[in-house]
Amino acid sequence: MVQGNWSSVTVFFFLGFSQYPRIEVTIFVLCLLMYLITLLGNTILISITILDSHLHTPMYFFLSNLSFLDIWYTSSALTPMLANFVSGENTISFSGCAFQMYFSLAMGSTECVLLSMMAYDRYVAICNPLRYPIIMNRRVCVQIAGSSWVTGCLTALVETGPVIHLSLCGNNIINHFTCEILALLKMACGDTAMVQLIMLVISILLLPLPMLLICVSYASILSNILRISSVDGRSKAFSTCAAHLTVVVLFYETALSMYLKPLSVNSQEIDKFMALIYVGLTPMLNPIIYSLRNKEVKMAVKKLLIKNPFTAILTSVLK
């Protein structure tokens, strides 16, 4: 049993998915595959965005930011989990846990803001194409991306600071596969009302409000798509928007269901599986849905890998 300040604890133990021994190996394999695909897909997207001048546009600038973000977001949660499973230790130091909690919150919060800004970029591009180069100039794009990162990092700091100063009651076993802030709050004793209020305010600002902006942007985009005379053009545009919205809704809905419910609701087992969606599944799907299905990206990959001996294989995959 442990009681006292968080910093008095030298090590935490992860419970992870050990309560499900029959599927624990399956979860490990799936997480490993998601992580590898996330690394490969996002690294390819960042590389071609930098190397191909035709992709030096606002849309791909934001997408490369999203890819960079997703690599770190997934790595912060899944890499320690995979390493702990292989080693069998399932432990983390206090400082390591605090850093992991902050870093995951920072990356997740940044993604919430960045996704809404990307939706606004698409809205301007489709609904106001003549003024798009003026509105979304290079300086504005850098400012939007920078403000997304700053907002995510600052809000994470505001949330993490009060939590690590709470008193710890009971044991030092975290019922999660990562230092998730909600799982850590379950271990705290004393009055956590102020921390919960801070988290509620930040969650409202970063989840339902950006999602509302995304929905409004795509509603305007869809209304413009309906004016397209070509049936094939409308069908392709609807398909693209539907794919984008599916990933966005998947990310926001899982986060909403976790962070906007009362702390008294005991759903830690469900939360662990839901966390796998927004730290593993959506970062894996983002480069596939947003970019690797685009003809521009496919052509850029083929051009940059033209001298590679594996070009034939990659070309057949990208068709």
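## Membrane segments on record

Let's start with what has been annotated. An unreviewed UniProt entry lists the feature "transmembrane region" at residues 25–48, 60–79, 99–120, 140–158, 193–216, 237–260 and 272–292. The structure you're looking at is a predicted model, so it's worth checking how a couple of these spans come out in it.

Take residues 25–48: the span is 100% helix and 0% strand, and 35 Å separates the C-alpha atoms at its ends. Residues 60–79 are likewise 100% helix and 0% strand, with 27 Å between the end C-alpha atoms.

## Rings that meet

Now for the aromatic side chains. Counting ring pairs by their centre distances gives eleven aromatic pairs. One of them joins F68 and W72: the ring centres are 6.2 Å apart and the planes stand at 70°, so this pair is edge-to-face. Both residues belong to helix α2 (residues 58–87), and because they are four residues apart there, about one helical turn separates them. How accessible are the two? F68 is partly exposed, at a relative accessible area of 41%, and W72 is also partly exposed, at 42%.

F68 has another partner, W149. Here the pair is tilted, with 6.0 Å from centre to centre and 55° between the planes. Since F68 sits in helix α2 and W149 in helix α5 (residues 138–163), this contact ties together parts of the chain that are 81 residues apart in sequence. Step back a little and you'll find a cluster: ring pairs link F68, W72, F99, F103 and W149.

## A charge over a ring

Aromatic rings also come up in another kind of contact. Look for F17 and K272: the charged end of K272 sits over the ring of F17, at 5.8 Å from the ring's centre.

## A nonpolar patch on the surface

Finally, turn to the outside of the model. Which residues make up the nonpolar patch on the surface? They are M194, L197, L200, V201, I204, L205, L209, L212, V216 and L260. Together they have about 890 Å² of accessible area.

Two elements, α7 (193–206) and α8 (208–225), are the ones that give two or more residues to this patch. The biggest share comes from α7, which supplies six residues. If you want a place to begin looking, try L205, a patch member that is found in helix α7.

Terms used
Residues numbered from 1 in each chain as written. Predicted model: local features only at pLDDT ≥ 70, side-chain atom pairs only at ≥ 80, totals over all residues. Heavy atoms only, no water. Phe/Tyr/Trp six-rings, centres within 6.5 Å; stacked < 30°, edge-to-face > 60°. Buried < 20%, exposed > 50% of the residue type's maximum accessible area, 1.4 Å probe, protein only. Lys NZ or Arg CZ within 6 Å of the ring centre and 35° of its normal. Patch = residues over 30% accessible without salt bridge, like charges linked within 9 Å, V, L, I, M, F, W, Y side chains within 5 Å. Areas by Shrake-Rupley, 256 points an atom, 1.4 Å probe, with all protein chains shown as cover. Salt bridge = Lys/Arg side-chain N within 4 Å of Asp/Glu carboxyl O. UniProt positions renumbered as here; feature names shortened; annotations may be inferred.
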